[in-house]
Amino acid sequence: MRMLAFDLPIVLHDISVFARNVAILDRVQLDLMPGAPTVVIGPNGAGKTTLLRVAMGLVAPAGGQVTWGGRSGVPPARRAIVFQRPVMLRRSAAANIEYALSSAGVARREWPARVEELLSIVGLSGLGARPARRLSGGEQQRLALARALARDPEVLFLDEPTASLDPAATKAIEDVIRAVAARNIKVVMSTHDLGEARRLAGEIVLMHRGRVLESTPVAQFFESPKSQEARRFIAGDLLV
Amino acid sequence: MAHEASALQLVLSADPALMAIVWLSLMISMAAVALATLIGLPVGAAVALTRFPGREAVIVTLNALMGLPPVVVGLAVYLLLSRSGPLGSWGLLFTPKAMVIAQTILVAPIIAALARQTIEDLWVEYRDELAALNVGPFRRVATLIWDARFSLITVLLAGFGRAAAEVGAIIVVGGNIEGFTRTMTTAIALETSKGDLPLAMGLGIVLITIVILVNALAWTARRAGERFAG
(Lines give C-alpha, C1' and ligand atoms only; values in the text may rest on other atoms or scores of the structure.)
Protein backbone atom coordinates (compact mmCIF):
# COMPACT_ATOMS: atom_id res chain seq x y z
CA MET A 1 0.00 0.00 0.00
CA ARG A 2 1.51 3.33 -1.08
CA MET A 3 1.82 6.13 1.40
CA LEU A 4 0.18 9.36 0.36
CA ALA A 5 3.19 11.67 0.75
CA PHE A 6 4.18 12.37 -2.84
CA ASP A 7 7.72 13.19 -3.89
CA LEU A 8 6.56 14.11 -7.40
CA PRO A 9 6.89 16.42 -9.14
CA ILE A 10 10.59 16.91 -8.47
CA VAL A 11 11.50 20.44 -9.45
CA LEU A 12 15.12 21.51 -9.93
CA HIS A 13 15.17 25.27 -9.91
CA ASP A 14 18.31 27.02 -11.11
CA ILE A 15 20.57 24.28 -9.72
CA SER A 16 24.33 24.73 -9.71
CA VAL A 17 26.93 22.30 -8.40
CA PHE A 18 30.64 23.01 -8.40
CA ALA A 19 33.71 20.86 -7.93
CA ARG A 20 36.93 22.80 -7.41
CA ASN A 21 35.33 25.89 -8.97
CA VAL A 22 34.27 23.96 -12.08
CA ALA A 23 30.51 23.95 -12.71
CA ILE A 24 29.29 20.35 -12.83
CA LEU A 25 25.70 21.58 -13.08
CA ASP A 26 25.18 25.09 -14.37
CA ARG A 27 21.84 26.71 -13.47
CA VAL A 28 19.83 23.60 -14.34
CA GLN A 29 16.08 23.98 -14.62
CA LEU A 30 14.13 20.72 -14.81
CA ASP A 31 10.72 19.34 -13.79
CA LEU A 32 10.39 15.58 -13.30
CA MET A 33 6.69 14.74 -13.58
CA PRO A 34 4.81 11.50 -12.98
CA GLY A 35 4.51 9.33 -16.07
CA ALA A 36 6.72 7.49 -18.53
CA PRO A 37 10.48 7.20 -17.92
CA THR A 38 12.67 10.26 -18.23
CA VAL A 39 15.98 9.39 -19.86
CA VAL A 40 18.92 11.73 -19.38
CA ILE A 41 21.43 11.53 -22.22
CA GLY A 42 24.65 13.32 -22.97
CA PRO A 43 28.40 12.72 -23.31
CA ASN A 44 30.71 11.85 -20.44
CA GLY A 45 31.09 14.73 -18.04
CA ALA A 46 27.80 16.31 -19.09
CA GLY A 47 26.55 16.17 -15.50
CA LYS A 48 24.08 13.28 -15.80
CA THR A 49 25.18 11.47 -12.64
CA THR A 50 25.30 14.64 -10.59
CA LEU A 51 21.83 15.59 -11.83
CA LEU A 52 20.45 12.23 -10.64
CA ARG A 53 22.21 12.59 -7.26
CA VAL A 54 20.83 16.08 -6.76
CA ALA A 55 17.32 14.95 -7.68
CA MET A 56 17.72 11.97 -5.32
CA GLY A 57 18.81 14.34 -2.55
CA LEU A 58 22.31 12.90 -2.12
CA VAL A 59 24.14 16.03 -3.28
CA ALA A 60 23.28 19.46 -1.92
CA PRO A 61 23.47 22.07 -4.68
CA ALA A 62 25.66 25.13 -4.23
CA GLY A 63 22.96 27.25 -5.81
CA GLY A 64 19.25 26.89 -6.53
CA GLN A 65 16.61 24.76 -4.87
CA VAL A 66 15.17 21.27 -5.25
CA THR A 67 11.62 20.51 -4.19
CA TRP A 68 9.97 17.14 -3.90
CA GLY A 69 6.19 17.37 -4.16
CA GLY A 70 6.50 21.07 -3.42
CA ARG A 71 8.59 20.54 -0.28
CA SER A 72 12.32 20.98 0.24
CA GLY A 73 14.63 18.91 2.44
CA VAL A 74 12.54 15.74 2.07
CA PRO A 75 14.53 12.64 3.16
CA PRO A 76 14.81 9.92 0.48
CA ALA A 77 12.14 7.68 1.95
CA ARG A 78 10.14 7.44 -1.28
CA ARG A 79 13.06 7.65 -3.66
CA ALA A 80 15.60 5.00 -4.60
CA ILE A 81 18.70 4.97 -6.76
CA VAL A 82 20.79 2.32 -8.46
CA PHE A 83 24.33 3.51 -9.04
CA GLN A 84 26.33 2.73 -12.15
CA ARG A 85 28.48 0.34 -10.14
CA PRO A 86 26.22 -0.77 -7.32
CA VAL A 87 27.93 -2.06 -4.20
CA MET A 88 26.74 -5.43 -2.99
CA LEU A 89 26.71 -5.82 0.77
CA ARG A 90 28.83 -8.78 1.91
CA ARG A 91 25.93 -11.13 2.45
CA SER A 92 23.54 -13.23 0.39
CA ALA A 93 21.35 -11.81 -2.38
CA ALA A 94 18.26 -12.29 -0.19
CA ALA A 95 19.99 -10.64 2.78
CA ASN A 96 20.83 -7.63 0.60
CA ILE A 97 17.11 -7.19 -0.09
CA GLU A 98 16.24 -7.83 3.56
CA TYR A 99 18.66 -5.06 4.53
CA ALA A 100 16.81 -2.61 2.28
CA LEU A 101 13.44 -3.81 3.61
CA SER A 102 14.68 -3.35 7.15
CA SER A 103 16.03 0.15 6.49
CA ALA A 104 12.69 1.04 4.89
CA GLY A 105 10.93 -0.05 8.09
CA VAL A 106 9.13 -3.08 6.61
CA ALA A 107 8.00 -5.53 9.30
CA ARG A 108 10.20 -8.63 9.56
CA ARG A 109 7.26 -11.01 9.07
CA GLU A 110 6.76 -9.55 5.58
CA TRP A 111 10.35 -10.08 4.49
CA PRO A 112 10.19 -13.65 3.10
CA ALA A 113 7.26 -12.91 0.79
CA ARG A 114 8.70 -9.55 -0.31
CA VAL A 115 12.13 -11.04 -0.98
CA GLU A 116 10.59 -13.77 -3.14
CA GLU A 117 8.46 -11.22 -4.99
CA LEU A 118 11.38 -8.85 -5.63
CA LEU A 119 13.73 -11.63 -6.73
CA SER A 120 11.02 -12.77 -9.11
CA ILE A 121 10.48 -9.26 -10.53
CA VAL A 122 14.16 -8.95 -11.41
CA GLY A 123 14.47 -12.54 -12.64
CA LEU A 124 16.69 -13.83 -9.84
CA SER A 125 14.32 -16.39 -8.32
CA GLY A 126 16.29 -19.25 -6.84
CA LEU A 127 19.45 -17.20 -6.35
CA GLY A 128 18.51 -15.72 -2.98
CA ALA A 129 21.01 -17.81 -1.03
CA ARG A 130 23.91 -16.98 -3.35
CA PRO A 131 26.54 -14.55 -1.97
CA ALA A 132 25.71 -11.26 -3.68
CA ARG A 133 29.32 -10.57 -4.66
CA ARG A 134 29.51 -13.87 -6.49
CA LEU A 135 26.70 -12.97 -8.89
CA SER A 136 27.57 -11.88 -12.44
CA GLY A 137 27.65 -8.18 -13.32
CA GLY A 138 24.18 -8.31 -14.86
CA GLU A 139 22.79 -10.24 -11.89
CA GLN A 140 24.30 -7.76 -9.45
CA GLN A 141 22.70 -4.92 -11.39
CA ARG A 142 19.32 -6.68 -11.17
CA LEU A 143 19.82 -7.36 -7.47
CA ALA A 144 20.57 -3.67 -6.97
CA LEU A 145 17.27 -2.95 -8.74
CA ALA A 146 15.46 -5.35 -6.42
CA ARG A 147 17.10 -3.68 -3.41
CA ALA A 148 15.99 -0.28 -4.65
CA LEU A 149 12.45 -1.55 -5.27
CA ALA A 150 12.36 -2.95 -1.73
CA ARG A 151 11.93 0.64 -0.60
CA ASP A 152 8.62 0.76 -2.52
CA PRO A 153 9.79 3.97 -4.21
CA GLU A 154 7.67 6.50 -5.97
CA VAL A 155 10.72 7.53 -8.02
CA LEU A 156 13.55 5.27 -9.12
CA PHE A 157 16.81 6.79 -10.37
CA LEU A 158 19.05 4.58 -12.49
CA ASP A 159 22.57 5.75 -13.34
CA GLU A 160 23.61 4.09 -16.60
CA PRO A 161 22.11 0.77 -15.53
CA THR A 162 23.25 -1.13 -18.61
CA ALA A 163 26.74 0.32 -19.02
CA SER A 164 29.28 -2.48 -19.60
CA LEU A 165 26.59 -5.18 -19.83
CA ASP A 166 26.26 -7.53 -22.80
CA PRO A 167 23.09 -7.44 -24.98
CA ALA A 168 21.35 -10.28 -23.11
CA ALA A 169 21.98 -8.69 -19.71
CA THR A 170 20.96 -5.30 -21.12
CA LYS A 171 17.67 -6.74 -22.35
CA ALA A 172 17.01 -8.31 -18.95
CA ILE A 173 17.55 -4.93 -17.25
CA GLU A 174 15.42 -3.08 -19.79
CA ASP A 175 12.60 -5.61 -19.27
CA VAL A 176 12.75 -4.95 -15.53
CA ILE A 177 12.70 -1.18 -16.14
CA ARG A 178 9.58 -1.54 -18.30
CA ALA A 179 7.95 -3.68 -15.60
CA VAL A 180 8.84 -1.08 -12.98
CA ALA A 181 7.45 1.77 -15.08
CA ALA A 182 4.27 -0.26 -15.60
CA ARG A 183 3.82 -0.28 -11.80
CA ASN A 184 3.51 3.52 -11.89
CA ILE A 185 7.00 4.05 -10.49
CA LYS A 186 8.61 7.09 -12.08
CA VAL A 187 11.89 6.02 -13.67
CA VAL A 188 14.61 8.62 -14.21
CA MET A 189 17.67 7.10 -15.83
CA SER A 190 20.84 8.18 -17.55
CA THR A 191 22.42 6.45 -20.51
CA HIS A 192 24.90 6.92 -23.32
CA ASP A 193 22.93 4.61 -25.52
CA LEU A 194 20.57 6.43 -27.89
CA GLY A 195 18.91 3.13 -28.89
CA GLU A 196 18.14 2.42 -25.24
CA ALA A 197 16.82 5.97 -24.80
CA ARG A 198 14.52 5.48 -27.79
CA ARG A 199 13.32 2.09 -26.46
CA LEU A 200 12.55 3.21 -22.92
CA ALA A 201 12.01 6.95 -22.72
CA GLY A 202 8.81 8.90 -22.55
CA GLU A 203 10.82 12.06 -22.17
CA ILE A 204 14.42 12.87 -23.12
CA VAL A 205 16.66 15.28 -21.27
CA LEU A 206 19.82 16.17 -23.20
CA MET A 207 22.70 17.49 -21.13
CA HIS A 208 25.96 19.02 -22.24
CA ARG A 209 28.61 20.73 -20.11
CA GLY A 210 26.41 20.85 -17.03
CA ARG A 211 23.42 22.39 -18.76
CA VAL A 212 20.08 20.97 -19.86
CA LEU A 213 19.86 21.69 -23.58
CA GLU A 214 16.57 19.96 -24.28
CA SER A 215 13.78 18.40 -22.27
CA THR A 216 11.16 17.07 -24.63
CA PRO A 217 8.96 14.04 -25.39
CA VAL A 218 10.97 11.25 -27.00
CA ALA A 219 9.32 11.38 -30.44
CA GLN A 220 9.82 15.10 -30.69
CA PHE A 221 13.44 14.81 -29.62
CA PHE A 222 14.35 12.33 -32.32
CA GLU A 223 12.13 13.77 -35.08
CA SER A 224 12.66 17.47 -34.61
CA PRO A 225 15.50 18.26 -32.23
CA LYS A 226 15.65 21.92 -31.37
CA SER A 227 19.32 22.45 -30.65
CA GLN A 228 22.35 22.05 -32.85
CA GLU A 229 23.94 19.82 -30.17
CA ALA A 230 20.91 17.51 -30.15
CA ARG A 231 21.05 17.12 -33.93
CA ARG A 232 24.77 16.35 -33.74
CA PHE A 233 24.30 13.90 -30.83
CA ILE A 234 21.52 12.04 -32.69
CA ALA A 235 23.68 11.95 -35.82
CA GLY A 236 26.41 10.27 -33.81
CA ASP A 237 28.84 13.19 -33.80
CA LEU A 238 31.10 13.54 -30.80
CA LEU A 239 30.00 16.29 -28.43
CA VAL A 240 33.07 17.51 -26.58
CA MET B 1 70.25 -32.61 20.64
CA ALA B 2 69.73 -33.48 24.33
CA HIS B 3 68.03 -30.12 24.92
CA GLU B 4 65.66 -30.61 22.01
CA ALA B 5 64.72 -34.13 23.12
CA SER B 6 64.05 -32.98 26.67
CA ALA B 7 61.98 -30.06 25.40
CA LEU B 8 59.85 -32.33 23.24
CA GLN B 9 59.40 -34.76 26.12
CA LEU B 10 58.15 -31.92 28.35
CA VAL B 11 55.63 -30.86 25.72
CA LEU B 12 54.44 -34.34 24.80
CA SER B 13 54.09 -35.44 28.43
CA ALA B 14 51.93 -32.35 29.10
CA ASP B 15 54.13 -31.43 32.06
CA PRO B 16 51.81 -29.86 34.69
CA ALA B 17 54.14 -26.90 35.39
CA LEU B 18 54.44 -26.20 31.70
CA MET B 19 50.69 -26.52 31.13
CA ALA B 20 49.95 -24.11 33.99
CA ILE B 21 52.24 -21.53 32.40
CA VAL B 22 50.62 -22.05 28.99
CA TRP B 23 47.12 -21.73 30.45
CA LEU B 24 47.93 -18.51 32.32
CA SER B 25 49.57 -17.02 29.22
CA LEU B 26 46.53 -17.76 27.10
CA MET B 27 44.12 -16.36 29.67
CA ILE B 28 46.08 -13.12 30.02
CA SER B 29 46.52 -12.61 26.29
CA MET B 30 42.90 -13.42 25.47
CA ALA B 31 41.58 -11.18 28.25
CA ALA B 32 43.80 -8.37 27.01
CA VAL B 33 42.65 -8.82 23.40
CA ALA B 34 39.00 -8.90 24.52
CA LEU B 35 39.39 -5.69 26.53
CA ALA B 36 41.43 -4.04 23.79
CA THR B 37 38.70 -4.94 21.29
CA LEU B 38 36.03 -3.35 23.48
CA ILE B 39 38.13 -0.17 23.56
CA GLY B 40 39.84 -0.21 20.17
CA LEU B 41 36.98 -1.19 17.88
CA PRO B 42 34.61 1.67 18.85
CA VAL B 43 37.51 4.13 18.82
CA GLY B 44 38.61 2.93 15.38
CA ALA B 45 35.04 3.05 14.04
CA ALA B 46 34.44 6.52 15.48
CA VAL B 47 37.64 7.93 13.96
CA ALA B 48 36.86 6.23 10.64
CA LEU B 49 33.34 7.65 10.36
CA THR B 50 33.55 11.10 11.86
CA ARG B 51 35.24 14.30 10.78
CA PHE B 52 36.56 16.68 13.42
CA PRO B 53 39.42 19.17 13.83
CA GLY B 54 42.67 17.33 14.56
CA ARG B 55 41.41 14.03 13.15
CA GLU B 56 44.57 13.45 11.13
CA ALA B 57 46.69 14.04 14.23
CA VAL B 58 44.59 11.41 16.03
CA ILE B 59 45.17 8.94 13.17
CA VAL B 60 48.92 9.57 13.19
CA THR B 61 48.97 9.15 16.98
CA LEU B 62 46.99 5.90 16.82
CA ASN B 63 49.32 4.55 14.17
CA ALA B 64 52.36 5.60 16.20
CA LEU B 65 50.98 3.95 19.33
CA MET B 66 51.06 0.60 17.51
CA GLY B 67 54.80 0.71 18.08
CA LEU B 68 54.60 1.42 21.81
CA PRO B 69 57.72 -0.06 23.50
CA PRO B 70 56.42 -2.78 25.88
CA VAL B 71 58.98 -2.01 28.56
CA VAL B 72 57.89 1.62 28.65
CA VAL B 73 54.26 0.57 28.96
CA GLY B 74 55.28 -1.82 31.71
CA LEU B 75 57.08 0.98 33.50
CA ALA B 76 54.09 3.35 33.19
CA VAL B 77 51.67 0.73 34.51
CA TYR B 78 54.16 -0.13 37.27
CA LEU B 79 54.25 3.52 38.37
CA LEU B 80 50.44 3.68 38.27
CA LEU B 81 49.94 0.51 40.30
CA SER B 82 52.90 0.67 42.67
CA ARG B 83 52.13 1.31 46.32
CA SER B 84 52.94 5.01 46.03
CA GLY B 85 51.22 5.35 42.63
CA PRO B 86 47.76 6.84 42.02
CA LEU B 87 46.17 3.39 41.74
CA GLY B 88 48.40 1.71 44.32
CA SER B 89 45.47 1.15 46.70
CA TRP B 90 43.98 -1.31 44.23
CA GLY B 91 46.76 -3.77 45.07
CA LEU B 92 47.10 -5.02 41.52
CA LEU B 93 50.86 -4.88 41.05
CA PHE B 94 52.46 -8.29 40.47
CA THR B 95 49.08 -9.90 39.70
CA PRO B 96 47.71 -11.30 36.42
CA LYS B 97 45.28 -8.35 36.35
CA ALA B 98 48.18 -5.91 36.11
CA MET B 99 49.54 -7.98 33.22
CA VAL B 100 46.16 -7.81 31.46
CA ILE B 101 46.09 -4.02 31.94
CA ALA B 102 49.58 -3.62 30.47
CA GLN B 103 48.82 -5.83 27.47
CA THR B 104 45.49 -4.09 26.90
CA ILE B 105 47.35 -0.78 26.64
CA LEU B 106 49.71 -2.34 24.11
CA VAL B 107 47.03 -4.04 22.02
CA ALA B 108 44.22 -1.44 22.01
CA PRO B 109 46.06 1.00 19.69
CA ILE B 110 46.82 -1.84 17.27
CA ILE B 111 43.14 -2.80 17.10
CA ALA B 112 41.98 0.83 16.94
CA ALA B 113 44.42 1.82 14.18
CA LEU B 114 43.88 -1.26 12.00
CA ALA B 115 40.10 -1.25 12.56
CA ARG B 116 40.02 2.44 11.63
CA GLN B 117 41.72 1.72 8.33
CA THR B 118 39.56 -1.34 7.59
CA ILE B 119 36.27 0.40 8.40
CA GLU B 120 37.22 3.59 6.59
CA ASP B 121 38.08 1.67 3.42
CA LEU B 122 34.72 -0.09 3.53
CA TRP B 123 32.95 3.19 4.31
CA VAL B 124 34.34 4.74 1.11
CA GLU B 125 32.83 1.80 -0.75
CA TYR B 126 29.47 1.75 1.08
CA ARG B 127 28.89 5.47 1.69
CA ASP B 128 26.65 6.17 -1.30
CA GLU B 129 24.63 2.97 -0.97
CA LEU B 130 23.94 3.48 2.73
CA ALA B 131 23.03 7.13 2.15
CA ALA B 132 20.67 6.08 -0.65
CA LEU B 133 19.08 3.51 1.67
CA ASN B 134 18.63 6.28 4.25
CA VAL B 135 20.49 4.25 6.90
CA GLY B 136 21.00 6.02 10.25
CA PRO B 137 24.41 6.52 11.89
CA PHE B 138 24.25 3.65 14.42
CA ARG B 139 23.10 1.15 11.82
CA ARG B 140 25.88 2.34 9.51
CA VAL B 141 28.50 1.49 12.12
CA ALA B 142 26.90 -1.90 12.80
CA THR B 143 26.71 -2.64 9.06
CA LEU B 144 30.33 -1.70 8.45
CA ILE B 145 31.61 -3.76 11.39
CA TRP B 146 29.51 -6.74 10.32
CA ASP B 147 30.54 -6.56 6.68
CA ALA B 148 34.20 -6.05 7.62
CA ARG B 149 34.08 -8.92 10.10
CA PHE B 150 36.47 -11.18 8.20
CA SER B 151 39.07 -8.43 7.90
CA LEU B 152 38.53 -7.50 11.54
CA ILE B 153 39.34 -11.08 12.56
CA THR B 154 42.79 -10.48 11.08
CA VAL B 155 42.99 -7.26 13.10
CA LEU B 156 42.23 -9.17 16.28
CA LEU B 157 44.86 -11.73 15.34
CA ALA B 158 47.45 -8.99 15.00
CA GLY B 159 46.50 -7.91 18.51
CA PHE B 160 46.69 -11.47 19.83
CA GLY B 161 50.08 -11.93 18.20
CA ARG B 162 51.38 -8.82 19.92
CA ALA B 163 49.99 -9.95 23.30
CA ALA B 164 51.15 -13.55 23.08
CA ALA B 165 54.69 -12.65 22.05
CA GLU B 166 55.11 -9.74 24.46
CA VAL B 167 57.47 -10.03 27.42
CA GLY B 168 58.75 -6.56 28.34
CA ALA B 169 55.60 -5.13 29.90
CA ILE B 170 54.33 -8.20 31.72
CA ILE B 171 57.66 -9.05 33.27
CA VAL B 172 57.78 -5.55 34.81
CA VAL B 173 54.21 -5.48 36.16
CA GLY B 174 53.81 -9.23 36.77
CA GLY B 175 57.13 -9.93 38.40
CA ASN B 176 57.42 -13.42 36.86
CA ILE B 177 56.26 -15.13 40.07
CA GLU B 178 56.24 -18.90 39.69
CA GLY B 179 52.75 -20.38 39.70
CA PHE B 180 51.13 -16.95 39.79
CA THR B 181 52.35 -14.52 37.11
CA ARG B 182 54.78 -16.64 35.13
CA THR B 183 53.82 -16.80 31.44
CA MET B 184 55.42 -18.49 28.48
CA THR B 185 57.45 -15.48 27.40
CA THR B 186 58.61 -14.48 30.88
CA ALA B 187 59.47 -18.10 31.67
CA ILE B 188 61.47 -18.44 28.46
CA ALA B 189 63.44 -15.32 29.38
CA LEU B 190 64.09 -16.57 32.91
CA GLU B 191 64.87 -20.20 32.08
CA THR B 192 67.24 -19.17 29.30
CA SER B 193 69.14 -16.92 31.67
CA LYS B 194 69.27 -19.78 34.21
CA GLY B 195 70.47 -22.21 31.57
CA ASP B 196 67.37 -24.47 31.74
CA LEU B 197 67.12 -24.67 28.00
CA PRO B 198 64.75 -27.69 27.72
CA LEU B 199 61.93 -25.86 29.53
CA ALA B 200 62.63 -22.64 27.59
CA MET B 201 62.60 -24.52 24.31
CA GLY B 202 59.50 -26.51 25.27
CA LEU B 203 57.65 -23.28 26.00
CA GLY B 204 58.93 -21.81 22.75
CA ILE B 205 57.57 -24.78 20.81
CA VAL B 206 54.17 -24.44 22.50
CA LEU B 207 54.07 -20.68 21.93
CA ILE B 208 54.83 -20.96 18.23
CA THR B 209 52.36 -23.84 17.85
CA ILE B 210 49.60 -21.82 19.51
CA VAL B 211 50.23 -18.80 17.31
CA ILE B 212 50.19 -20.98 14.18
CA LEU B 213 47.02 -22.80 15.30
CA VAL B 214 45.16 -19.59 16.11
CA ASN B 215 46.12 -18.11 12.76
CA ALA B 216 45.14 -21.29 10.92
CA LEU B 217 41.75 -21.31 12.66
CA ALA B 218 41.15 -17.66 11.82
CA TRP B 219 42.22 -18.21 8.22
CA THR B 220 39.83 -21.16 7.89
CA ALA B 221 37.00 -19.16 9.42
CA ARG B 222 37.71 -16.27 7.07
CA ARG B 223 37.78 -18.46 3.96
CA ALA B 224 34.60 -20.26 4.97
CA GLY B 225 32.89 -16.97 5.75
CA GLU B 226 33.89 -15.43 2.44
CA ARG B 227 32.68 -18.50 0.61
CA PHE B 228 29.25 -18.49 2.19
CA ALA B 229 28.70 -14.76 2.78
CA GLY B 230 30.50 -13.27 -0.19
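Let me start at the hairpin of strand 1 and strand 2 of chain A, where two residues lie between the strands and Arg20(A) takes a positive phi near 50°. Please keep in mind throughout that this is a predicted model, and that every value I quote was computed from it. The two strands of the hairpin run antiparallel and are joined by seven bridges, and one pair to look for on the screen is Ile10(A), whose bridge partner in strand 2 of chain A is Leu32(A).

Strand 1, which covers residues 10–19 of chain A, also pairs with strand 4 of chain A, again in the antiparallel sense, this time over five bridges. Here the residue to find is His13(A), whose bridge partner in strand 4 of chain A is Gln65(A). Put together, these three strands of chain A form an open sheet in the order 2-1-4, with antiparallel pairing. Strand 2 (22–32) and strand 4 (63–68) of chain A each have a single partner strand, so they stand at the edges, and one side of each is left without a neighbour in the sheet. On average, neighbouring strands of this sheet are turned by 20° against each other, if direction is ignored.

Chain A has another sheet to consider, an open one of six strands in the order 5-6-7-3-8-9, and its pairing is mixed. Which strands are the edge strands here? They are strand 5 (79–82) and strand 9 (211–217) of chain A, each of which pairs on one side only. In this sheet the average turn between neighbouring strands, direction ignored, is 15°. Helix 1 of chain A, residues 48–56, packs on the sheet and touches strand 3, strand 5, strand 6 (155–159), strand 7 and strand 8 (203–208) of chain A, while its direction makes about 155° with that of strand 6 of chain A. Within the sheet, strand 3 (residues 38–41) and strand 7 (residues 186–191) of chain A run parallel and are joined by four bridges, with Val40(A) having Ser190(A) as its bridge partner in strand 7 of chain A.

Between strand 3 and helix 1 of chain A there is a loop, and Gly47(A) is found in it. Is Gly47(A) buried or exposed? Its relative accessibility is 7%, and because buried means under 20%, Gly47(A) counts as buried. Leaving aside neighbours within four places in sequence, Gly47(A) is in contact with Ile24(A), Leu25(A) and Met207(A). The C-alpha atom of Gly47(A) is also separated by 7.7 Å from that of Arg211(A), although these two residues are 164 residues apart along the chain.

Before leaving chain A, I would like to look at helix 4, residues 137–149. With 13 residues at 1.5 Å a residue, helix 4 of chain A should span 18 Å, and its end C-alpha atoms are indeed 18 Å apart, which agrees. Helix 4 of chain A is mostly covered, with 12 of its 13 residues buried, among them Glu139(A), Arg142(A), Leu145(A) and Leu149(A). What covers them? The cover includes strand 5, helix 2 (93–103), helix 3 (111–121), strand 6 and helix 5 (167–182) of chain A, together with helix 5 (96–132) of chain B.

That brings us to chain B, which has 10 helices and zero strands. Its C-alpha atoms fill a box of roughly 65 × 50 × 25 Å along the principal axes, and 45% of its 230 residues count as buried. Among its contacts between residues at least 6 apart in sequence, 74% join residues at least 24 apart.

As an example of packing in chain B, take helix 2 (residues 16–49) and helix 7 (residues 149–165), whose axes are 9 Å apart and which pack at an angle of about 135°. These two helices of chain B are therefore oblique to each other, and helix 2 passes helix 7 in a right-handed crossing. The residues that meet include Leu26(B), Met30(B) and Val33(B) from helix 2 of chain B, and Leu152(B), Leu156(B) and Phe160(B) from helix 7 of chain B.

Finally, helix 10 of chain B, residues 197–229, has 33 residues and should span 48 Å at 1.5 Å a residue; its end C-alpha atoms are 47 Å apart, which agrees. Its buried residues include Pro198(B), Leu203(B), Leu207(B), Ile210(B), Ala218(B) and Ala229(B).

Terms used: Residues are numbered from 1 along each chain as its sequence is written. Chains are lettered from A and ligands numbered from 1 in the order in which they are written. This is a predicted model: local features need pLDDT of at least 70, side-chain atom pairs count only at pLDDT 80 or more; totals for chains, interfaces and linings use all residues. Side-chain values use heavy atoms; hydrogens and water are left out. The expected span of a helix is 1.5 Å times one less than its number of residues. Buried means under 20% relative accessible area, exposed over 50%, partly exposed in between (1.4 Å probe, protein chains only). Two strands pair if DSSP finds at least two bridges between them. Axes are lines fitted to C-alpha atoms, for helices over the stretch in contact, and angles run from 0 to 180 degrees between N-to-C directions. Angles under 35 degrees count as roughly parallel, over 145 as roughly antiparallel, 65 to 115 as roughly perpendicular and the rest as oblique. A crossing is left-handed if the near helix is turned anticlockwise from the far one by less than a right angle, and right-handed if clockwise. Contact means heavy atoms within 4.5 Å.
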